[in-house]
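Subject: That structure I promised you

Hi,

Here is the structure we talked about. Have a scroll around it, then read on for my notes.

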Amino acid sequence: MNESFLVYHEPVFRPPSEANSVILQVTHGCKWNKCHFCEMYTSKTYSVKPLSTITKEITLLSGMHPNANRIFIGDGDLFTVDFSIILETLQLLRANFRKLNRISCYASARELNKFDKLQLVQLKEAGLDLLYIGLESGDNEVLSLINKGTSAEVQAEASLKAKSAGFKLSVMILNGIGGRKHTLNHAINSARLLNQIQPELLAMLVISFPYGFEHFKNRVKGDFEPLSQLEMLKEMRLILEHLELESTVFRSDHASNYLVFKGGLNRDKDKFINQLDHIIEHTIHVPKPHLNESRFL
Ligand code: SF4
């Protein structure tokens, strides 16, 4: 690393709500890197930075952004890194950024479950607040289809353990990820998983095919029939209908979404469903599949 300049290893991803956060790359890429729908880090080889490099970068970043109050730690799942490195990174961030009030990162259920509750509590107390978890689906057949490398049961266990350690969870579900064959079970089982977890934040994104539909179809090695736009809306309605959330902030305002919803669940559930019913009723059914190729998730 150059002593005076910090160079990000591209591409860099962060959730939309981290647009104003300082980004610190503790890892490059994704250790798993095998989910069939995801191309975020396929151009990168996974690696963890040495603590000496992390320390230098934190010093540089704090000089560049002395008043920063939010840090997002990239790239992919931070919980692939040794506990001691994560802990030391958090302590360095707290020591160097005096106005910090939030540190967040991506996390996977698979890796989170390798940490015990005491370790998670220590990381929370050291300043890590918010975990972004891409659940994608609560249906095990869909999780297997997309090679997520986990199950609904593991996702529930890891999420509940993280919550009991004090973390806030922002989880993502992917509209359309099961295609026609799995749409019903994807909707009902995803709602069931979310009801179990009761996340603080829920984002519903829409599946995209950044390298083209044929590329995705080859990766899933199955008869994947994409939903039409109308079927996407119906699936979203079904998920909402089965949600029983006590106090979750819901957003469908990602670049991939057709419809922007923001509000509280269950508080705004009936309102969202009524709006969806209206749109579904007035949508002319064109059996054109949703083949959005333009965006990474
Ligand atoms: S969805 Fe997450 S875990 Fe799966 S390959 Fe992409 S970054 Fe890695």
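Below is what I found, starting with the sheet and ending with a few odd backbone spots.

One thing before you start: this is a predicted model.

**The sheet**

Which order do the strands take? Eight of them form an open sheet, running E1-E4-E5-E6-E7-E8-E9-E10, and the pairing is mixed. The edges belong to strand E1 (22-25) and strand E10 (262-265); each has a single partner strand, so one side of each is left without a neighbour in the sheet. If you look along the sheet you should see it twist, by an average of 25 degrees from one strand to the next.

Strand E4 is a good place to zoom in. On one side, E1 and E4 pair in the parallel sense over four bridges. E4 (residues 70-74) also pairs with E5 (residues 102-107), again in the parallel sense and over four bridges. Try picking out some partners: Val 22 has Ile 71 in E4 as its bridge partner, Ile 71 in turn has Ile 103 in E5, and Ile 73 stands opposite Cys 105 in E5.

Is E4 buried or exposed? It is mostly covered, with five of its five residues buried. Arg 70, Phe 72 and Gly 74 point one way from the strand, while Ile 71 and Ile 73 point the other way, and all of these are buried.

**The core**

In soluble globular proteins, nonpolar side chains tend to be buried together. The largest nonpolar core here has 74 residues, and the ones that touch the most other members are Ile 71, Leu 78, Ala 107 and Leu 131. Strand E6 (residues 128-136) gives the most to this core, namely six residues.

You have already met Ile 71 in the sheet. What does Ile 71 touch? Leaving out residues up to four places away in sequence, its contacts are Ser 21, Val 22, Leu 24, Leu 93, Phe 97, Leu 100 and Ile 103. Val 22 and Ile 103 are worth clicking on, as Val 22 is bridged to Ile 71 and Ile 103 is the bridge partner of Ile 71 in E5.

**Around the ligand**

Next, find the ligand. The residues around it are Cys 30, Trp 32, Asn 33, Lys 34, Cys 35, Cys 38, Met 40, Tyr 41, Gly 76, Ser 108 and Gly 134. By type, this shell divides into six nonpolar, four polar and one charged.

**Odd backbone spots**

Most residues other than glycine have a negative phi, and most peptide bonds are trans. Here are some exceptions to look up.

Asn 33, from the ligand shell, has a positive phi near 55 degrees. Asn 33 sits in the loop between strand E2 (27-28) and strand E3 (47-48). It is partly exposed, with 15 other C-beta atoms within 10 Å.

Glu 136 also has a positive phi, near 70 degrees, but its place is in strand E6. Glu 136 is buried, with 26 other C-beta atoms within 10 Å.

Where are the cis peptide bonds I noticed? One runs from Glu 10 to Pro 11, with omega near -5 degrees, and Pro 11 is in the segment before E1. Another joins Leu 265 and Asn 266, with omega about 5 degrees; Asn 266 is in the loop between E10 and helix H10 (269-282).

Have fun exploring!

Note on methods
Residues numbered from 1 in each chain as written. Predicted model: local features only at pLDDT ≥ 70, side-chain atom pairs only at ≥ 80, totals over all residues. Near = placed C-beta within 6 Å. Nonpolar A, V, L, I, M, F, W, Y, C, P; charged D, E, K, R; others polar. Core = buried A, V, L, I, M, F, W, Y, C linked by C-beta atoms within 7 Å. Buried ≥ 20, exposed ≤ 12 C-beta atoms within 10 Å, placed from the backbone. Helix = DSSP H or I, 4+ residues; strand = E, 2+ residues; numbered from the N terminus. Contact = placed C-beta atoms within 7 Å. Pairing = 2+ DSSP bridges. Axes fitted to C-alpha atoms, helices over the stretch in contact; angles between N-to-C directions.
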